[in-house]
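Biologist: Before I rely on any label attached to this protein, I should like to hear the reasoning behind it. Would you take me through the terms one by one?

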Amino acid sequence: MKQQPATARLSDLFLHFKKILKNNTAILGLIAELERALGGEFIYDRAFINQTAKELIRLVREVIYSVNILSDNRYIALYDRLDAIVGSITSIALDEPDPAERRLFLPTVEIHRDLDYIVGGKSAVLGEIANHLGLPVPEGFVLTTASYFTFLNKNDLLQIIYTIFAETTDPRQREDRISGLIAMAPFPAVLRKAVSEGLAGLRKKRGKLQALAVRSSAVGEDGLRSFAGQFGSELTVAPNVDAVLAACRKVIAARFSERVLDYTEDCSPRDIPMAILIQEMVTPRVSGIMQSHVPWHGSMRILVTAVDGLAARLADGSLTGHRFVLERQHPFQLVESEFSADSQEGGHAHEAGEKGLRRGSSPLSPAILRQLAEFAVLLEKTLDGPQEIEWACVGEEITILQSRPLTSMVVPVPLPAEIADDLRQATVLLQGRGHAAQIGIASGPVILVAPGDDPAYFPVGGVAVVREASPQFSPIARKAAVVITDVGSPAGHFASICREYRTPALFGTKIATRLLRMGTEVTVDVEERTVYAGLVPSLVRLAAAHQDPYILSEETVTLRRLLRQVAPLALSDPTAANFTPENCRTLHDIIRFCHEKAVTSLIDMQALGVAELHRSPRTLAAAIPLRIRLLDLGGGLAADAPPHGDITPDLVQSRPFVALLKGLCKGSGWEREPVPFSMKDLFSSMTRPLSNLIGDEPYQGDNFAILADSYCNVSLRLGYHFNVIDAHFSKRVEENSIYFRFVGGFASEEKRLRRVDLIASILTGLHFRVEQNGDLLVAKANMLESREMERTLGRIGELVSFTRQLDVRLVDESAVERAFERFLALVVGKEKR
């Protein structure tokens, strides 16, 4: 079989790279459509869901095929991950039972809100809080509704209960007869085994267990009907199978108590099945109930009520509790407090101070109150409306025990005249710029976020203003009231993450980071693409009053379940150890992984055509002290460029290489004077063979450029150091990228390291993310707009020429500073002496 010529092979690889980019764009567009549908932007049906899912699967399979062509089948394991995800998507689209439906117990780590019909409302919400938001809840597991029906059916109880319902309508008589039957019924062996395995898993995770809470979690509980205080829970249960089952028996019996039968009226015995939540018992210093959205003197506030120890007596109304009223926007200022003597041991009345605040010892510190308020805002956003939250504080650590809709709270819609009046008075800071990635209205203080900033320090409720819509900011999307970017598309990775967290997002404004000042309070209306100075109260109330009428429809639940297999992005950091095919859990993970590996494969593809590069008859003829061999993959050179010989710059059409060449050709950067090296530099170079500087690259010793119309891969050997520049232009700003690698040098180690530090400082100022390891430097810049790409590549060209042989001149740190100033002067055309 005749071997494919190297040029044709490289061209084919580049076509697969472009196909990956094209399909990624289409996939992200389809994900955005699904997410916008879930967000209520348009009406949809099952046909839309199924058709979109089918097209997503086809495109992802093509992406996997192309990345394996590029990488010589290095990522075949991606097909297995895709098949597993497709299996789940198919089951959802066909409305097949979730595999979890057949399981008798599930650990909390596997639970989310769409498993309500399997684990009950309380458990489903707590699973969502723990696994989606990452907030602390007690560790545990759930005996599913399958366990409930197993217990009833194995003892023939369900049919007997139906008979009792037919014989009497009196709730008291029903309770007496049914509770007696449940008390006498044995637990099947399979349920004893389920509890035993659940406890074993809990011990493995938490160590020795002290006590457990066995809690009701009925289907529909903590939903539109709260069932608050209706069902039974058992506290301080011994952590053994017999004790847990005894507590479970009481919880099941409570499903048929007089008060529950009164509350549920004519529900069938099969309705409202009971799952049972088994958790580590929390022994709090203080606990309470928090309401995320309550009217308070004409404004909406957060209300926190607290008592010492457990909050059971607060929930049943026998204690008043301490009350704290907080603002709903960061920094969640305390506006009023009231202390109750019956809520703390040895309690006493506190003297009233200004603004309703009280003097004395508070059971909750300002930091704890602020964190509670942050949790309230996060839960309200994630769970689609105002929440009533039960919480506990062990030491200074907050744990969420329960969250249910605050159904009594109806936020009044502001009148159009009120909105119009507020908008007339509001100052517009930004208008008509960017694109809506997730519609919504929110307010808060501006927080300017730079690459490398620790997301842990981003305040909940802040308005995140970032330069680029990078997935590295995904932890911030969870906390932010709204996200605004200079660069980015609504169909990008980060846009999908914002929609996943229901965080309003305005992308591609170009000027937000320059226009908006740190700490300034603003109100953002994403749909209108407008940012106002200060708080616009009627707009914020309008957003709070919005309710999705389809939130509980079958189509909405199906779409939300489908998106769990499609949209979440866990693999956001390509440098992390878990960035592997085996850890791809969603279609989004797969295409993110494939994109990164495609770029890496393309950067290193010169090795595939090394012989062809050495034989390349085309050489760049430019005013630079370099001989660069050129290999055109298509569109990199003009159609009338000669097939061999010198190629002048005017015949180069590769957009990124043209920009790089402009910088290389700026003659002021090339140092022409003799280099003053020391004996230490000479001995250092003698002990470092060139192969140690540039690795085993088979094309070492020459300069090459692989070109296409929108792409270039350039390898330069400049004395004893080695450069690789890889750049790709695209119509989509998310796909624009520059890769820069630098290694080696002639001088002593300390001088080489000084040069790398200098290069790192310059590249950081050009929006590169830089990694250093000795005298090896790798830098990447993404999401640069076209003009900025060209300008940055020009600067890279100037940097390459400026830093050639510079290491021997960097005798101390002051020399580094002078070189930095000199480079800045060069790039602005005013060299300083």
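**Reasons behind the labels**

Modeller: Helix α1 (residues 6-38) contains Phe17. Please keep in mind that this is a predicted model.

Biologist: Why is Phe17 called buried?

Modeller: Buried means under 20% relative accessible area. Phe17 has 3% relative accessibility, and therefore counts as buried. Ring pairs also join Phe17 with Phe14 and Tyr711 in a cluster. The C-alpha atoms of Phe17 and Ile69 are 9.4 Å apart, although 52 residues separate the two along the chain.

Biologist: How many aromatic pairs are found in the whole structure?

Modeller: The search gives 12 aromatic pairs. In one pair, Tyr148 and Phe149, the ring centres lie 5.2 Å apart and the planes meet at 70°.

Biologist: What makes the pair of Tyr148 and Phe149 edge-to-face rather than stacked?

Modeller: Centres within 6.5 Å make a pair, and planes over 60 degrees apart make it edge-to-face. With 5.2 Å between centres and 70° between planes, Tyr148 and Phe149 therefore form an edge-to-face pair. Tyr148 is buried at 2% relative accessibility, and Phe149 is buried at 17%.

Biologist: How do you know that Arg541 and Glu418 form a salt bridge?

Modeller: The criterion is a side-chain nitrogen of Lys or Arg within 4 Å of a carboxyl oxygen of Asp or Glu. For Arg541 and Glu418 the N to O distance is 3.0 Å, and the criterion is met, so the pair is a salt bridge. This pair links distant parts of the chain, with Arg541 in helix α17 (residues 537-545) and Glu418 in helix α13 (residues 416-425), 123 residues apart.

Biologist: Where do Lys193 and Glu197 lie?

Modeller: Both belong to helix α8 (residues 189-206), four residues apart, about one turn of the helix. Their closest N and O atoms are 3.9 Å apart, and the two form a salt bridge.

Biologist: Why is Lys193 called exposed, whereas Glu197 is called partly exposed?

Modeller: Exposed means over 50% relative accessible area, and partly exposed lies between 20% and that limit. Lys193 has 52% and is therefore exposed. Glu197 has 37% and is therefore partly exposed.

Biologist: Which residues form the positive surface patch?

Modeller: The patch consists of Arg433, Lys510, Arg514, Arg787 and Arg791. Lys510 sits in the loop between β17 (505-507) and α16 (512-515).

Biologist: What makes Lys510 partly exposed?

Modeller: Its relative accessibility is 47%. Exposed would require over 50%, and buried under 20%; Lys510 therefore counts as partly exposed.

Technical notes: Residues numbered from 1 in each chain as written. Predicted model: local features only at pLDDT ≥ 70, side-chain atom pairs only at ≥ 80, totals over all residues. Heavy atoms only, no water. Patch = residues over 30% accessible without salt bridge, like charges linked within 9 Å, V, L, I, M, F, W, Y side chains within 5 Å. Areas by Shrake-Rupley, 256 points an atom, 1.4 Å probe, with all protein chains shown as cover. Lys, Arg positive; Asp, Glu negative; His and termini not counted. Charge placed at Lys NZ, Arg CZ, Asp CG, Glu CD. Helix = DSSP H or I, 4+ residues; strand = E, 2+ residues; numbered from the N terminus. Buried < 20%, exposed > 50% of the residue type's maximum accessible area, 1.4 Å probe, protein only. Phe/Tyr/Trp six-rings, centres within 6.5 Å; stacked < 30°, edge-to-face > 60°.
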